[in-house]
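Got the viewer open and a free hand for the mouse? Let's take a walk through this one, a stop at a time.

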Amino acid sequence: MQQNEAIFPANRHAFYEMHGYSAAIRSGELLFVSGQVGSREDGTPEPDFYAQVKLAFENLKAVLSAAGCTLSDIVDVTTFHTDPENQFGAIMSVKEKMFPQAPYPNWTAVGVTWLAGFDFEIKVIARIPQA
């Protein structure tokens, strides 16, 4: 039987331990990444929305890197937004920098009313490259 492996980015393990979840789980050739937000090192939200989205992607890249993945290994994305209509432009600006060319990953955006003080969250599924 295959065992799942918890993945944590460098210097952030205590943050996940404090909240009782893993940054990501490796299961076979897939990596399931928990929702990443634009949190600073102390866990507080980045107040500027555009900077918060960029920081969420940086935190995502750190988790992916810990598993030997990059943004190009992502196959499925789900994002959560507290004010989708007004946030769309900023999110698309960052998204275009992170995924500049096709093939693009699947993407589902969900409007929510609460993200524990954050305004944007991104979770992904990635295929782990074969060594």
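What follows is a tour of a predicted model, going from the sheet to the helices and then to a few spots in the loops.

**Stop 1: the sheet**

Switch to a cartoon view and pick out the strands. Six of them make an open sheet with mixed pairing, and the order to trace is β1-β2-β3-β6-β4-β5. Which strands stand at the edges? Select 5-7 for β1 and 106-111 for β5: each has a single partner strand, so one side of each is left without a neighbour in the sheet. Now turn the view and look at the twist, which averages 15° from one strand to the next.

**Stop 2: β6 and its partners**

Next, select residues 120-127, which is β6. On one side, β3 (residues 30-37) runs antiparallel to β6, and six bridges join the two. To see a pair up close, show Gln-36 and Ile-122 of β6, which stand opposite each other.

Then go over to β4, at 74-81. β4 also pairs with β6 in the antiparallel sense, this time over seven bridges. Two pairs are handy to click on here: Asp-76 has Ile-125 of β6 as its bridge partner, and Thr-78 stands opposite Lys-123 of β6.

**Stop 3: β4 from the other side**

Keep β4 selected and bring in β5. These two strands pair in the parallel sense, over six bridges. His-81 is a good marker, as it stands opposite Gly-111 in β5.

Is β4 mostly enclosed or open? Try a surface view: six of its eight residues are buried, so β4 is largely enclosed by the rest of the structure.

**Stop 4: helix α3 on the sheet**

Select 84-98 to light up helix α3, and look for the kink of about 30° centred on Ala-90. This helix packs on the sheet, where it touches β4, β5 and β6. The direction of α3 makes about 145° with that of β4.

Now show side chains for Gln-87, Ile-91, Val-94 and Met-98, which are buried in α3. Why might such a spacing suit one face of a helix? An α-helix has 3.6 residues a turn, so residues three or four places apart point the same way. Among the elements covering the buried residues of α3 are α2, β4 and β6.

**Stop 5: where two helices cross**

Add α2 by selecting 49-66. How do α2 and α3 meet? Their axes come within 9 Å and cross at roughly 35°, and the crossing is right-handed. To see the contact itself, show side chains on both helices: α2 brings residues including Phe-49, Val-53 and Phe-57, while α3 brings several, among them Ala-90, Ile-91 and Val-94.

**Stop 6: Gln-52**

Stay in α2 and zoom in on Gln-52. Is this residue buried or exposed? Gln-52 is buried, with a relative accessible area of 1%. A polar atom of its side chain lies 3.3 Å from the backbone nitrogen of Phe-120. Show what else is around it: beyond its sequence neighbours up to four places away, Gln-52 touches Gly-38, Pro-45, Glu-46, Phe-118, Asp-119 and Phe-120.

**Stop 7: Cys-69**

Move along to the loop between α2 and β4, where you will find Cys-69. This residue is buried too, with a relative accessible area of 5%. Select Pro-129 as well: the two are 60 residues apart along the chain, yet their C-alpha atoms are separated by 6.8 Å. Leaving aside neighbours within four places in sequence, Cys-69 is in contact with Leu-31, Leu-64, Arg-127, Ile-128 and Pro-129.

**Stop 8: two backbone details**

Head for the loop between α3 and β5 and click on Pro-103. What kind of peptide bond joins Ala-102 and Pro-103? The bond is cis, with omega at about 5°.

Last, go to Ala-116, in the loop between β5 and β6. Ala-116 has a positive phi of about 55°, although it is not a glycine. Ala-116 is partly exposed, with a relative accessible area of 47%.

Notes: Residues numbered from 1 in each chain as written. Predicted model: local features only at pLDDT ≥ 70, side-chain atom pairs only at ≥ 80, totals over all residues. Heavy atoms only, no water. Bend = angle between axes of the 7 residues up to and from the residue. Helix = DSSP H or I, 4+ residues; strand = E, 2+ residues; numbered from the N terminus. Buried < 20%, exposed > 50% of the residue type's maximum accessible area, 1.4 Å probe, protein only. Contact = heavy atoms within 4.5 Å. Polar contact = N/O pair within 3.5 Å; in protein donor to acceptor, adjacent residues only side chain to side chain. Pairing = 2+ DSSP bridges. Axes fitted to C-alpha atoms, helices over the stretch in contact; angles between N-to-C directions. Left-handed = near helix turned anticlockwise from the far one by under 90°.
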